[in-house]
Amino acid sequence: MKQHTKRRKEALQLSANARLGLFAAGVFLGTSFLGSAQAAQVGDHVVRAAAEQEQVQFALSLPLRNQAELNDLLGHMYKVGDPQYHQFLSSAEFDAQFAPTQADYDKLKSLATQFGLTIVKEHSSRTLLNVAAPAATIRNVFGSQMQLLEQADGKQFLAADREAAVPFAFFGIGAGATALDNRPLHSYLVNRGPVAEAEVSAAAQPHAGTQSSGSYGPADIKTAYNLNSIQNGGTPVAIFELSSAKYTDAATYASKFSLTSPTITQKTVDGGTSTTTGSTEVMLDIEMVMATSNPSSMYVYTGPNSSSGVLDTYTQIADDDLVSAVSTSWGECESSEGSSAANSENTVFTKMVAEGMTLFAAAGDSGAYDCGTKTLAVDDPASQPEVVGVGGTTLTTTSTQAYTSEVPWDTSSTEGGGGGISTLWTIPSYQKGVVSNAPSGQFSTTMRNVPDVALDADPNTGFYIYDTDGCSGWCIVGGTSDAAPQYAAFWSLIAKGLGKSPGFANPTIYTLAENSTSYASDFHDVTSGTNNHFSAVVGYDTASGWGSYNGANLYAGVIASVNGGSSSGSSSSSSSSSSSSSSSGSSSSSSSSSSSSGSSSSSSSSSSSGSSSSSSSSSSSGGSSSSSGGSGAPAAPSGLTASGTRYGGYGAVVLNWNASSGATRYYVYMGTKSGGESATALGYVTSPGAEVTGLSTYTTYYFTVKAYDSKGYSVASNQASAETK
């Protein structure tokens, strides 16, 4: 029997007071992972369930405002010849136009307290609110069971068994929960071991970079990649780190090679970290910047190696807005990153792009299989559309270190330059014009392709650095961690030459590379070899991107392009920095269904309309009311109906169903295709009935509902559909 009218009205009033604005919550609607099981990496195993009162730190997030206007602005900002070309925003200007309102942030803080969360940290940009809660509260509020996991290397960390599904109250302001997976990120370096001091001089004169004992120094880098004629001393670079190190080691490196010993300003986030387990990564990043651009100063941002620490550190870099180039050599398998965390990162990276900042990210060191399995995979954040993914090559030089050739780095089935096709992000606009010669299945016209560019990363033709803590002195290091900081340093040289930020690099790089004349001049095309799956071919490929830079030539080409004087064809539109979906912080699971989620319609102004009802159509799908998910889980909700209407100019659907005995909450799923359980979990309510607003008008949506109690989830209800008004 249907619920009494009074009960139904109360449920609808609850959802009306905290309306589920799907465009406002596009970041979270966009993920088909809400409430779904979290991907685990190979080698992870569950040690135990988290204790009921075990404290967990994570974050609540809010999406950017005015996303349609932001996408439009980025399109103008990165179109050569447009009056708004490279008119970058300051951090304060961005927050004023696009950050969540203070009222919504205050509401988020109020909700956090209301649901038993402790506020740990606030952010001036208002997209994140750091909170803490016992594991029991996380389970009760977000439906995620915290577990202690152990990696193959013995490191233990707390992680949720599924992505959080937030109560409907949070959806009124588009809020979500993120950073519940504290799997530590890893750095992308391969350390071939220490080198005795007596051997360093010999290493400074490498044997053409092709022998296992050959390695490169600063002068060799500049010769091989044609950097000698570029003025010395780039603008400061910001380096993202999750480990500490002995920064005075940079002075030893500088002294050895007659470089400037830079002033290193360390910015600790969330207290930083005292661990030096990643010191070799830290010093490699610092010294590769020194080797390439010889700056007088740089910034090192250091945060804890946790999901919230990562988000907070990237957020601090964007909020400070001190540099035009950022380097990161830390990441993880894209599928293990999780959709909510990836979208939260995307929000930060979009702000960086609007500020004229470029994040160069190492693409990974496991070739085409960066999840540690034989499943093709790419890494985050290199696969993010607002990031330059930097892959790895094996460099061959002459006896005088002049450039000879490169192939994709491919040491073994488990070691090589990262690259491939994203399963999370749709193809950004700067890649849409690429015509690839890659074999079938090795380039996507619909999804993000990685990497964008590459540099030497083979440890057998690697770079030698000085690191007291990790190497006990000098050592030869390879990995795409070599490549990312070098590219960031190169971009800082361009900033120095321009006297201003060159902006997000990918639109300019792709414009120059797609012109045959400038491509032949500005890049070293890598045309043979593989990264253990993807083949290098003439032009762009997912083994090496566009290849490595021919430094002085690309330097001149970028400056000419930015100043509007390039003859390379860059006067044609380079379009926006990324696809419209990724600019708004939505992963492919939202992008692919953005037309049905209301992200277009709700971002434009619409006239108000009354909420006239329409009849719903209900079809049988999934379980019946007597079905149970097993193990004592509640019966599936029965009698689900859906009625399309209109609310505030947008489409809306009113849902109603019968209660399931013992159920403590009901999860609502929505999709745009009939048959089976709908794809996206929107969130949950604690009693039957919900109103879903912010939808596209005159569009049919399909819904199912699952009941939940302490014993688990029911199977899906019948499926009900309705067309919005």
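How many aromatic pairs does the count come to in this structure? In this predicted model, the count comes to 34 aromatic pairs, and some of them appear in the close-up views described below.

**Figure 1. Overview of the protein chain in the predicted model.** The protein chain has 725 residues, 64% of which count as buried, and contains 23 helices together with 38 strands. Among the contacts with a sequence separation of 6 or more, 79% are accounted for by residues 24 or more positions apart. The accessible surface of the chain comes to about 23,500 Å², and carbon and sulfur atoms contribute 49% of that area.

**Figure 2. Aromatic rings around Tyr519.** Tyr519 and Phe523 form a tilted aromatic pair, with 5.6 Å from centre to centre and 45° between the planes. Tyr519 counts as buried because its relative accessible area is 10%, and Phe523 is likewise buried, with a relative accessible area of 4%. Tyr519 also pairs with Trp546, in this case edge-to-face, with the centres 5.2 Å apart and the planes at 70°. This second pair links distant parts of the chain, 27 residues apart, since Tyr519 belongs to helix H19 (residues 516-522), whereas Trp546 is in the loop between strand E28 (523-524) and strand E29 (548-549). Both Tyr519 and Trp546 are buried. One aromatic cluster contains Tyr519, Phe523 and Trp546, and its other members are Tyr78, Phe88, Tyr430, Phe443, Phe504, Tyr510 and Tyr540.

**Figure 3. The largest nonpolar core and the surroundings of Phe490.** The largest nonpolar core has 89 residues, and those with the most contacts inside it are Ile286, Phe360, Tyr487, Phe490, Phe523 and Trp546. Helix H17 (residues 480-498) supplies the largest share of this core, namely ten residues. When neighbours within four places in sequence are left aside, Phe490 is in contact with Leu227, Ile230, Thr292, Tyr549, Gly551, Leu554 and Tyr555. Another core, of 61 residues, lies apart from the largest one and includes Leu60, Phe168, Val685 and Ala690. In soluble globular proteins, nonpolar side chains tend to be buried together.

**Figure 4. Asn130 as a buried polar residue in a strand.** Asn130 is found in strand E5 (residues 128-134), and it counts as buried because its relative accessible area is 4%. The side chain of Asn130 makes a polar contact with the side chain of Asp312, at 2.8 Å. Without counting residues up to four places away in sequence, Asn130 touches Asp312 as well as Phe58, Ala59, Thr118, Ile119, Val120, Lys121, His123 and Ser308.

**Figure 5. Two cis peptide bonds that lead into proline residues.** The peptide bond joining Asp380 and Pro381 is cis, with omega of about 10°, and Pro381 is placed in the loop between strand E18 (379-380) and strand E19 (388-397). The bond from Val450 to Pro451 is also cis, with omega near 0°; here Pro451 lies in the loop between strand E24 (447-450) and strand E25 (453-456). Asp380 is 44 residues from Ser336 in sequence, and the two C-alpha atoms are 9.0 Å apart in space. Ser336 belongs to helix H13 (residues 334-337) and is buried, with a relative accessible area of 1%.

**Figure 6. Two asparagine residues with positive phi.** Asn66 has phi near 50°, a positive value in a residue other than glycine, and its place is in the loop between strand E3 (55-61) and helix H3 (67-77). With a relative accessible area of 33%, Asn66 is partly exposed. Asn226, which is not a glycine either, has a positive phi of about 60° and lies in the loop between helix H9 (218-224) and strand E12 (238-241). Asn226 is also partly exposed, with a relative accessible area of 29%.

**Figure 7. A lysine charge over a tyrosine ring.** The charged end of Lys374 sits over the ring of Tyr369, at 4.3 Å from the centre of that ring.

Notes:
Residues are numbered from 1 along each chain as its sequence is written. This is a predicted model: local features need pLDDT of at least 70, side-chain atom pairs count only at pLDDT 80 or more; totals for chains, interfaces and linings use all residues. Side-chain values use heavy atoms; hydrogens and water are left out. Helices (H or I, at least four residues) and strands (E, at least two) are DSSP runs, numbered from the N terminus. Buried means under 20% relative accessible area, exposed over 50%, partly exposed in between (1.4 Å probe, protein chains only). Contact means heavy atoms within 4.5 Å. Accessible areas come from the Shrake-Rupley method with a 1.4 Å probe; for residues, only the protein chains shown count as cover. A nonpolar core is a set of buried Ala, Val, Leu, Ile, Met, Phe, Trp, Tyr and Cys residues joined through side-chain atoms within 4.5 Å. A polar contact is a pair of N or O atoms within 3.5 Å; within protein, one must be able to donate a hydrogen and the other to accept it, and residues adjacent in sequence count only if both atoms are side-chain atoms. Rings of Phe, Tyr and Trp (its six-membered ring) pair if their centres lie within 6.5 Å; planes under 30 degrees apart count as stacked, over 60 as edge-to-face and the rest as tilted. A charge sits over a ring if NZ of Lys or CZ of Arg is within 6 Å of the ring centre and within 35 degrees of the ring normal.
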